[in-house]
Amino acid sequence: MNYRVVVVTVLLIGSLPAGVAGLETGRTPEYSLAEPAVTASPATASDVLHRTTVLRHLPERGDTFETETTFRVPDSVSEFEVDLESEASVSTTDGFERTDDGAYRWTGDDEPTIRFTMPTDRTGYEGHRDGSAATTGAERTAGSAERGYTFVDTGDWGVVRVPSVGISLQRTDPVGHEETVTVEGPGATGGDIAFFGEVAEYERTVAGETIRLAVPAAADLREDPDDVLETLAAASASLDVGASHDEVFVVAVPDDVDWAARGIQYGQSDAWVVADASLEDAPSVWLHEYVHTRQPYANPDVGTATETAWLVEAQAEYYAATLALEQGSIDFREFRSVLERGERSPYADDVLADPGTWTGERTAYVKGPLVYGELDRQIRVETDGDRTLADVFRALSARGDRVTERAFLEAVEDAGGSDVRSTAERYTRTPEAPTAWHRRDHGDAFDLEAPAITTGLDGEGLEVAGEPWDRPAGQGDGSPVPVPVGEPVAVPVALENVDDRDGTADATLAVDGKIVDHHQLALESGERTTTSLAWTPSEPGEYAVRVGDDRFAVLVRSPSSVRVTDLAVEPERADPGDPVTATATVAAADSRPGAAVLEFRTGDETVERPVSVAPGERTTVDATLTFADDGRYEVAVADRSVTVTVGGALSRLEAIPGFGGAVALAALAVAALLLARRR
């Protein structure tokens, strides 16, 4: 009877499936309809949904502009729909059909396209605007922003916001999203704001951030373009809040329009500023809108609580004045005048944490900078210059979620102590207002410099899924580092206090302008230490990663970016408990580097191994497996499988010349039958 059991067990193990074809990560993808595809062919493999948007000026109409959006759909997407804004008027579609709920469903065409028009003229609130009285010489009346234009088309030229397109999809593998936005004909765009008409472009790059300035032929720019770029570049370098975008796009719009504001920041990092704005304004509109591009919680997708809504404009106004003072564009008297406005009625009596008490939306612009500045000054004094309110800015940005009053107050206390927190509570929760400080007090606080601490990558090695991770063979130092989607990426960071004072170091990991991890460490004078910052990419695509002044690119790939070309085990026969090494040979599935986590699957266990490979190259990945009992086991990786024979009579029979697996199995079956009859 024992032999009969052995035979049945061997047959069951021998009939285990090789596994679903394709590379599996062991994680259920969102919107999954089926198991991962077998393997993507090099010609069609992709894990990014590409969207190309072309904007067209329609000067003969004036009230609308045209948008044509074309998609390149990766193989792993089985269905997707697009939702347009309610004001969109669709003219033609190719590869889409309209659904009952007004969306547009993909019909399977290779490059589906949808063409529609959108209104050009918009009034009222759009994004973040600067309505500073200091830039106009007179207070704006309540509601004036609602009457002026935020976007407009004059026929000769136009400045519009790029339409948003909602995308929902079903896929069998993780999918990223990329969009390219262009203007057909004369014009310029940063992806969120577009200008139609003849335009000259200027740019400056500092610390990895490129600032593009578009000056229309129809605009009479008050300042020299190089001076504007120099001012914004200096602000980029000085505003150390942990993250910046790869690109900031600013349009100098003509000033002969009834604008709702002197400037507006819209989207991730686009803005327009009236062309007659001066760099010597206190505060500068150019700097105000730039600061908005550095505030992740200014985006409605993150946002603030009601009690902290004042922070967004108060920060922009305060840092615009502070940066202008640092650069010498304004003097201390002008800087102080910005703060003094918050001492006067009607705004001085408003409670910042309670917008219901505000005289108008101007409260955040007027009283907000005074309170914010006083907290900055007190933090600097309390810490001998080691900490500033920029560190609170950084901490709030690193949270990546809505900024609540509790989060703000805790960040203030972490930076400056409990007394400064009490000051923050008093000036934000009551009608009380501080008094703008004098020049002597300014020097006592702002002339204090933080200890010099260097921060950067600790070598070049990363860790992915807990394993050391190097660039694949054939990848140069300047090329993106391929990593698999959904796996934690650990970035080693080195910090050193090169000052003669003790201080606080901020290790910050930023990805595409957003802080994804942040560590704060106390360092004694001369001390050097290391830490590790982590990021888990959720979508394929190329990302810009920054640690201190060091930047590098990461290419996140889905499992289908690699294919297994061969699988072998050594030895093919082993005794129970002995190690067996399975080796998979891997190649990139397309013209880009591949990265994935391979699963070595048996009937009893799954062993994961991360791998990356350059296009046109092959690499091998090993996993050590053990089997506790006699039998035949199938080892599978992707759509490849191989058999291991472990111990027992079956193994000994197969070792005899002429005895293959089938012959040995048949012999055992006959022996078991004869034994049973004999009994």
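**Pocket, cores and a buried threonine**

H5 is the top contributor to the lining of the second largest pocket, giving 5 residues. Keep in mind that this is a predicted model.

Q: What makes the lining of the second largest pocket a mix of nonpolar, polar and charged?
A: Its residues split into 19 nonpolar, 13 polar and 15 charged. Asp and Arg count as charged, so Asp-240 and Arg-394, which are among the residues nearest the pocket's centre, fall in that class. Ala-237 and Leu-239 also lie there, and Ala and Leu count as nonpolar.

Q: Which elements each supply at least two residues of that lining?
A: Among them are helices H3 (225-238), H5 (310-327) and H8 (389-399), plus strands S21 (453-457) and S29 (541-547). The pocket's volume comes to about 1,300 Å³, with 47 lining residues.

Q: Why is Thr-585 called buried?
A: Buried means under 20% relative accessible area, and Thr-585 comes in at 18%, so it counts. This residue sits in strand S33 (580-588). Leaving out residues up to four places away in sequence, its contacts include Arg-563, Asp-566 and Arg-618.

Q: What makes the largest nonpolar core a core?
A: Its members have to be buried nonpolar residues joined through side-chain atoms within 4.5 Å. The largest such set has 89 residues, and Trp-272, Trp-286, Trp-310 and Tyr-319 have the most contacts inside it. H5 gives this core its largest share, 12 residues. Another core, of 27 residues, lies apart from it, with Ala-588 and Val-621 among its members.

How values were computed
Residues are numbered from 1 along each chain as its sequence is written. This is a predicted model: local features need pLDDT of at least 70, side-chain atom pairs count only at pLDDT 80 or more; totals for chains, interfaces and linings use all residues. Side-chain values use heavy atoms; hydrogens and water are left out. On a 1 Å grid over the protein atoms alone, a cavity is a set of points where a 1.4 Å probe fits but cannot get out, and a pocket is an open set with protein on both sides within 12 Å along at least five of seven lines; lining residues have an atom within 4 Å of a point. Grid points are joined across faces, edges and corners, and a volume is the space filled by probe spheres set on the points. Helices (H or I, at least four residues) and strands (E, at least two) are DSSP runs, numbered from the N terminus. Buried means under 20% relative accessible area, exposed over 50%, partly exposed in between (1.4 Å probe, protein chains only). Contact means heavy atoms within 4.5 Å.
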